[in-house]
Amino acid sequence: MSTTHPDPIMVRVSNAKAAFGVHRATLYRWAADNHITIHKRGTMSFVDPVQVRNFIMGLGERMGEQKTLRPK
């Protein structure tokens with residue numbers, strides 16, 4: 001019998017790398033640009049994983065368009 005675990009309702013920003021594969025600073029940048037919302041509870045910051053995943057999926061092809069620095 002397979003046991004499935006439901007998705008968490010909220011994810012701590014400090015767990016961004018494990019949950020979404022992005023640095024926590026990236027979540028703060030996306031929030032500053034009004035793409036996602038960061039919710040505060042005391043000193044802890046949380047994001048809605050569905051909102052973050054929807055934003056990441058909406059980036060689609062644009063993720064490959066990031067500029068890379070090349071050595072001179």
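Which residues of α2 are buried? That was my starting point today, and I looked them up in a predicted model. The buried residues of α2 turn out to be T26, L27, W30 and A31. Looking down the axis of α2, I found that they fall within an arc of 140°, so they line one face of the helix. That fits what I know about helices: an α-helix has 3.6 residues a turn, so residues three or four places apart point the same way. Next I checked what this buried side packs against, and I got α1, β2 (38-41), β3 and α3.

**Entry: the overall layout**

I stepped back to see the whole chain. I counted three helices and three strands, and along the sequence they come in the pattern β-α-α-β-β-α. Of the 72 residues in the chain, 25% are buried. The accessible surface comes to about 6,100 Å², and carbon and sulfur atoms hold 53% of that. I also looked at contacts between residues with a separation of 6 or more: 47% of them join residues 24 or more positions apart.

**Entry: how confident is the model?**

The mean pLDDT of the chain is 83, and 74% of the residues reach 70 or more. I then checked the elements: confidence is highest in β3, at 96, and lowest in α3, at a mean of 88.

**Entry: helix α3**

I gave α3 (residues 49-59) the treatment I gave α2. Its buried residues are P49, V52, F55 and L59. They sit on the same side of α3, because they cover an arc of only 130° around the axis. What is on the face turned away from the buried side? There I found the exposed residues N54, M57 and G58. The cover over the buried residues includes β1 (11-12), α1 (16-20), α2 (24-32) and β3 (44-47). I also looked at the N-terminal end of α3, which D48 caps: one of its side-chain oxygens lies 2.9 Å from the backbone nitrogen of V50.

**Entry: the core**

How many residues are in the largest nonpolar core? It has 14, and F20, L27, W30, I36, V47 and V52 have the most contacts inside it. The elements that give two or more residues to this core are α1, α2 and α3. I picked V47 for a closer look. Leaving out residues up to four places away in sequence, V47 touches M10, V11, V13, F20, L27, I36, T37, I38 and V52.

**Entry: two loop residues**

Is V22 buried or exposed? V22 lies in the loop between α1 and α2. Its relative accessible area is 12%, and anything under 20% counts as buried, so V22 is buried. Setting aside neighbours within four places in sequence, V22 is in contact with A16, K17, L27 and W30. I also noted the C-alpha to C-alpha distance from V22 to I56: 9.9 Å, with their positions 34 residues apart in sequence.

N34 lies in the loop between α2 and β2. With a relative accessible area of 69%, N34 is exposed. What caught my eye is its backbone: phi of N34 is positive, near 65°, in a residue other than glycine. I wrote a reminder beside that one: most residues other than glycine have a negative phi.

Key
Residues are numbered from 1 along each chain as its sequence is written. This is a predicted model: local features need pLDDT of at least 70, side-chain atom pairs count only at pLDDT 80 or more; totals for chains, interfaces and linings use all residues. Side-chain values use heavy atoms; hydrogens and water are left out. Buried means under 20% relative accessible area, exposed over 50%, partly exposed in between (1.4 Å probe, protein chains only). Helices (H or I, at least four residues) and strands (E, at least two) are DSSP runs, numbered from the N terminus. The arc is that of the directions from the helix axis to the C-beta atoms. Contact means heavy atoms within 4.5 Å. A polar contact is a pair of N or O atoms within 3.5 Å; within protein, one must be able to donate a hydrogen and the other to accept it, and residues adjacent in sequence count only if both atoms are side-chain atoms. A nonpolar core is a set of buried Ala, Val, Leu, Ile, Met, Phe, Trp, Tyr and Cys residues joined through side-chain atoms within 4.5 Å. Accessible areas come from the Shrake-Rupley method with a 1.4 Å probe; for residues, only the protein chains shown count as cover. pLDDT is the predictor's confidence in each residue, from 0 to 100.
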